[in-house]
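Biologist: I'd like to go through this one slowly. Whenever you use a label, I'll ask how you got to it.

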Amino acid sequence: MLYWAASVSSFGVLVFLYSALQHSPDKAYPPSSNIQSTSWLMSCCIGLYAALCCVSLAIMSNFGLQLAFNLFWVVCHGFAAVKLIQHLLNTFPSCASVGEALLLSAGIVLYSGDMLACTFTKINQRFVSFNLVSPWYSTNRSERSIIIQSVLLALLVFPLIFKLLLRLWERPSTMTSDARTLSEVRRSLLFFGSLACMLIVIAPSWMQFAQDFQSHPFLWVFSFVFGEPVKRLSLCVYWVCLIYASVIKFYNISKNSKVERILLRKYYHLMAVSMFSPALILQPEFLDLAFGAALAVFLVIEIIRVWRIWPLGKLVHQFMNAFTDHRDSDLLIVSHFSLLLGCALPMWLSFGYNDRPLAPFAGILSLGIGDTMASLVGHKYGVLRWSKTGKKTIEGTAAGITSVLVACSALLPLLASTGYVMTQHWFSLLLAVTASGLLEAYTAQLDNAFIPLVFYSLLCL
């Protein structure tokens, strides 16, 4: 079901983009015969794909109500992905390319649909007599994944709820400066009050219904962290000290130096390597939860910055602007999200599989080491460019590929000593590193978003 939901989401977006191009007034149309043949081919592809989807779902479902429910479920994923990418491209036109918007929309729709399916499973088991959802759908789910999923989805929905509350709360009128300040304070109180209600009441209630926690989920997190207090609290202290020292140093450099922003951002990639690598080797379960907590903090900070919530909104905006470049728009700053997700997604996707030793490190290796070395070497020593208009150099790409191979050669013996099953062949590793390095050299998009996923997929082949 997840496979077909992902496939229908992506296919629906591609059909929508094709239709938008065909009806675009700015499009230089080819001859009418080519349009007709292309439209006929597209129609055949859509029909063939729909038939394959129906046949596959019919094989895995019982004919009747369950088949209809499964078809309705995947079609809803496709419709939601199309509406979401329309909203992203219209509301945030300069925040992401079409490819990045496709990844984001399909990812959010799948993540939300997966949690809804887990919730429907519980409803089906408790209240509904029809066997619409497979009872094993919610099995083998850890408490950590449910907590992360519920909190992140709650934070993604929260801006819509806050916007609705603001419409009910505020009345448009001419205000003096004192009244405007008082309104900002009330707006801030409304924001933090509704955010606390969302995170303390609504999201935990959803978690407990979906997973049957024996205690409040936040108490479960507290007991989990203090299950191994020395190791996990030591990691927290190490992370806080490293983040504080790095942020203070690089913020001063960004204000008082002429160093290019792109190079400053690569230092954060190196910081991600030093932060996540020890934790991924020694405490992968704790890092799993920490990634979710960090992403939740990033979402809250970005919401505060965009809505200019008093008293932190302006301060956060000034601080974040010190690290932005042309790839971050004035409305949303997404680079730090893509870096964190690039490191976290390979780990989340491969969690529990000890026969894929390098797969959890795909983001750390490709972004923290490969992308960083490619930028630094290419900027300082690069002469031969891949294209006349681009900035990527052959020297930088070679340095990125070589550095990742060296890091893998040092990492594999260390992983073998920690219990991983060594099934990675050097030929497949060389192919994965080279292909992802060349893709990074040729792309003009924000490569943090998809290079780790490509590298992860090649490592798992």
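Modeller: Deal, and here's the label we'll need most: buried means under 20% relative accessible area, exposed means over 50%, and partly exposed is in between (1.4 Å probe, protein chains only). Also, this is a predicted model, where local features need pLDDT of at least 70 and side-chain atom pairs count only at pLDDT 80 or more, while totals for chains, interfaces and linings use all residues. Residues are numbered from 1 along each chain as its sequence is written, and side-chain values use heavy atoms, with hydrogens and water left out.

Biologist: Why is Arg 232 called buried?

Modeller: Arg 232 has a relative accessible area of 5%. The cut-off for buried is under 20%, so Arg 232 counts as buried.

Biologist: What makes Arg 232 and Glu 228 a salt bridge?

Modeller: The label needs a side-chain nitrogen of Lys or Arg within 4 Å of a carboxyl oxygen of Asp or Glu. For Glu 228 and Arg 232 the N to O distance is 3.8 Å, so the pair makes the cut. Glu 228 itself is partly exposed, at 32% relative accessibility. The structure holds four salt bridges.

Biologist: What makes Glu 302 and Arg 305 another one of those?

Modeller: Their closest N and O atoms are 2.7 Å apart, and the limit is 4 Å. Both Glu 302 and Arg 305 are buried. They sit three residues apart in helix α10, so about one helical turn separates them.

Biologist: How do you know that α10 is a helix of the expected span?

Modeller: Helices here are DSSP runs (H or I, at least four residues), strands are runs of E with at least two, and both are numbered from the N terminus. The expected span is 1.5 Å times one less than the number of residues. For the 24 residues of α10 (residues 284-307) that gives 34 Å, and the end C-alpha atoms are 35 Å apart, which agrees. Just after α10 comes Arg 308, with a positive phi near 55°.

Biologist: How many helices and strands does the chain have?

Modeller: The chain has 16 helices and zero strands. One of the helices is α1 (residues 2-22): its 21 residues reach 30 Å from first C-alpha to last, close to the 30 Å expected. Residues buried in α1 include Trp 4, Val 8 and Leu 17.

Biologist: What makes the Lys 392 and Glu 440 pair tie parts of the chain together?

Modeller: Their side chains meet in a salt bridge (3.5 Å, N to O). Lys 392 lies in the loop between α13 (362-381) and α14 (394-416), and Glu 440 in helix α15 (residues 426-442), so the pair ties together parts 48 residues apart in sequence. Lys 392, at 29% relative accessibility, is partly exposed, while Glu 440, at 10%, counts as buried.

Biologist: Why are Ile 200, Val 201, Ile 202 and Phe 218 called a nonpolar patch?

Modeller: Patches are made of residues with over 30% relative accessible area and no salt bridge; nonpolar side chains (Val, Leu, Ile, Met, Phe, Trp, Tyr) are joined within 5 Å, and like charges within 9 Å. Take Val 201: at 44% relative accessibility, Val 201 counts as partly exposed. Together the four have about 350 Å² of accessible area (Shrake-Rupley method with a 1.4 Å probe; for residues, only the protein chains shown count as cover). Helix α6 (residues 177-211) gives the most to the patch, with three residues.

Biologist: Why is Pro 452 called buried?

Modeller: Pro 452 has 1% relative accessibility, so Pro 452 falls under the 20% cut-off. Pro 452 lies in helix α16 (residues 451-460). Leaving aside neighbours within four places in sequence, Pro 452 is in contact (heavy atoms within 4.5 Å) with residues including Gly 342, Pro 346 and Ser 366.

Biologist: And why is Pro 217 called buried?

Modeller: Pro 217 comes out at 0% relative accessibility, so the same reasoning makes Pro 217 buried. Pro 217 is in helix α7 (residues 217-225) and touches Ile 147, Pro 204, Met 207 and Gln 208, not counting residues up to four places away in sequence.
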